[in-house]
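Colleague: I am new to reading protein models, and I would like a close look at one single part. Could you pick a helix, show me which way it faces, and then walk me through its surroundings?

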Amino acid sequence: MPNIILLGPPGAGKGTQAKRLEESRGMVQLSTGDMLKEAIAKGTELGRRVEGIMARGELVTDEIVIGLIEAKMKDGARGGFIFDGFPRTLNQADALGELMTRTGATLDSVIEMQVDDAALVARITGRFTCGNCGAVYHDVTHPTKVAGTCDVCGSTNLKRRADDNEETLKTRLMEYYKKTSPLIGYYYAKGQLSAVDGLAEVEAVAEAIAKVLDKA
Ligand code: AP5
């Protein structure tokens, strides 16, 4: 039951690979971004608090996301957890370490998805997702088989994200380099870091991740 972190900038492919791991290995994706977007869609008090922050591409507070993760981890995951978009700061990484210790769980691998910034703009501006099942698509690299219909669940509720534009992406990237990229050194020093080429095709990235997991 491996627990892993997928680490990488916006558009690196974390969500795409997390969904594949759910299907292939019965792991459970814990995406703080998805949890926050769900709160916004439902119009909860939390959603109202974070909506503007996310639309600007800034990070929400550590306290909020640590609380979300702690609540979800209580449900357990027989196939292991995939932390997607969490932790994003050193404080969050420390908090996750404490949570793991407290619950007797281990963090088996931190997989850095390496991409270059130029590719991220094209990925982010072409992305759309299924509002029903969360499947991730791209206008050019991964369109739906039938235009306007999700391949996985058949829903026609396909959506684009409010923060998926070039202007907001600049802030999201800056937040990543200032606050999240130090985690690469943090997990390297702990001997938990592996890297995969996130610029490769989706299938090849999945194979590289599988190799890391099979060694863990
Ligand atoms: P979040 O939802 O986590 O967004 P993100 O980290 O910016 O990551 P993305 O979802 O944009 O990218 P991804 O790496 O999952 O890429 P994807 O697989 O979709 O966070 C949103 C916001 O919430 C943050 O800005 C912040 O405000 C807040 N937040 C969330 N967590 C937080 C935390 N812990 N602390 C504080 N604030 C937090 O792929 C992108 C596109 O590329 C898709 O179209 C896909 O089809 C395509 N693609 C994927 N892989 C490939 C490939 N190998 N080749 C070609 N195309 C590919």
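**One helix and its surroundings**

Modeller: Happy to, and let's begin with the whole chain. For a compact globule of 216 residues we would expect a radius of gyration near 17 Å, and the protein chain has 16 Å, which agrees. Please keep in mind that this is a predicted model. Along its principal axes, the C-alpha trace spans about 45 × 40 × 35 Å. The chain holds nine helices and eight strands, and 45% of its residues count as buried. If we take the contacts between residues at least 6 apart in sequence, 69% of them join residues at least 24 apart. The accessible surface comes to about 11,100 Å², with 52% of that belonging to carbon and sulfur atoms.

Now to the helix I would pick: H8, which covers residues 182-189. Which residues of H8 are buried? They are Leu183, Tyr186 and Tyr187. These residues cover an arc of only 85° around the axis, which puts them on the same side of H8. A general rule helps here: an α-helix has 3.6 residues a turn, so residues three or four places apart point the same way. Try the rule on the numbers of the buried residues, Leu183, Tyr186 and Tyr187. On the other side of H8, Tyr188 and Ala189 are exposed.

What do the buried residues of H8 pack against? Their partners are three strands and two helices: S1 (4-7), S4 (109-114) and S8 (193-197), together with H5 (90-103) and H7 (166-180). Just past the end of H8, glycine 191 has a positive phi of about 75°.

Let's follow some of those partners, starting with strand S8. The loop that runs from S8 to helix H9 (202-215) contains glycine 198. Glycine 198 has a relative accessibility of 2%, so it counts as buried; the cut-off for that word is under 20%. Its C-alpha atom is 5.0 Å from that of glutamine 114, although the two residues are 84 apart along the chain. Setting aside neighbours within four places in sequence, glycine 198 is in contact with Ala12, Gln114, Val115, Arg123 and Val205. Gln114 belongs to that contact list, and residue 114 also closes strand S4, one of the elements packed against the buried side of H8.

A little further along, helix H9 holds aspartate 214. Is aspartate 214 buried or exposed? It is exposed, with a relative accessible area of 56%. The C-alpha atoms of aspartate 214 and glutamate 51 are separated by 39 Å, and their positions lie 163 residues apart in the numbering.

Next comes H7, another partner of H8. Arginine 172 is found in H7, and with a relative accessible area of 11% it is buried. Not counting residues up to four places away in sequence, arginine 172 touches Pro10, Gly57, Ile124, Arg127, Arg161, Asp163 and Asp164. Its C-alpha atom is 20 Å from that of alanine 18.

Gly57 on that list leads us to helix H3, because glycine 57 comes just after H3, with a positive phi of about 90°. In H3 (residues 45-56), Leu46, Gly47, Val50 and Met54 are buried. Seen down the axis of H3, these residues fall within an arc of 85°, so they line one face of the helix. What covers them includes H2 (32-42), H4 (62-73) and H7. H7 thus appears in both pictures: it packs against the buried residues of H8 and helps cover those of H3.

Finally, let's look at the stretch that leads to H5, the other helix beside H8. Proline 87 sits in the loop between strand S3 (81-84) and H5. The peptide bond joining phenylalanine 86 and proline 87 is cis, with omega at about 0°. In strand S3 you will find isoleucine 82, which is buried, with a relative accessible area of 0%. Leaving out neighbours within four places in sequence, its contacts include Ile4 and Leu6, and both of those numbers fall in the range of S1 (4-7), a strand that the buried residues of H8 pack against. Other contacts of isoleucine 82 include Ala18, Leu21, Met27 and Leu30.

Key: Residues are numbered from 1 along each chain as its sequence is written. This is a predicted model: local features need pLDDT of at least 70, side-chain atom pairs count only at pLDDT 80 or more; totals for chains, interfaces and linings use all residues. Side-chain values use heavy atoms; hydrogens and water are left out. Helices (H or I, at least four residues) and strands (E, at least two) are DSSP runs, numbered from the N terminus. The radius of gyration is taken over C-alpha atoms; the globule rule is 2.2 Å times the number of residues to the power 0.38. Buried means under 20% relative accessible area, exposed over 50%, partly exposed in between (1.4 Å probe, protein chains only). Contact means heavy atoms within 4.5 Å. Accessible areas come from the Shrake-Rupley method with a 1.4 Å probe; for residues, only the protein chains shown count as cover. The arc is that of the directions from the helix axis to the C-beta atoms.
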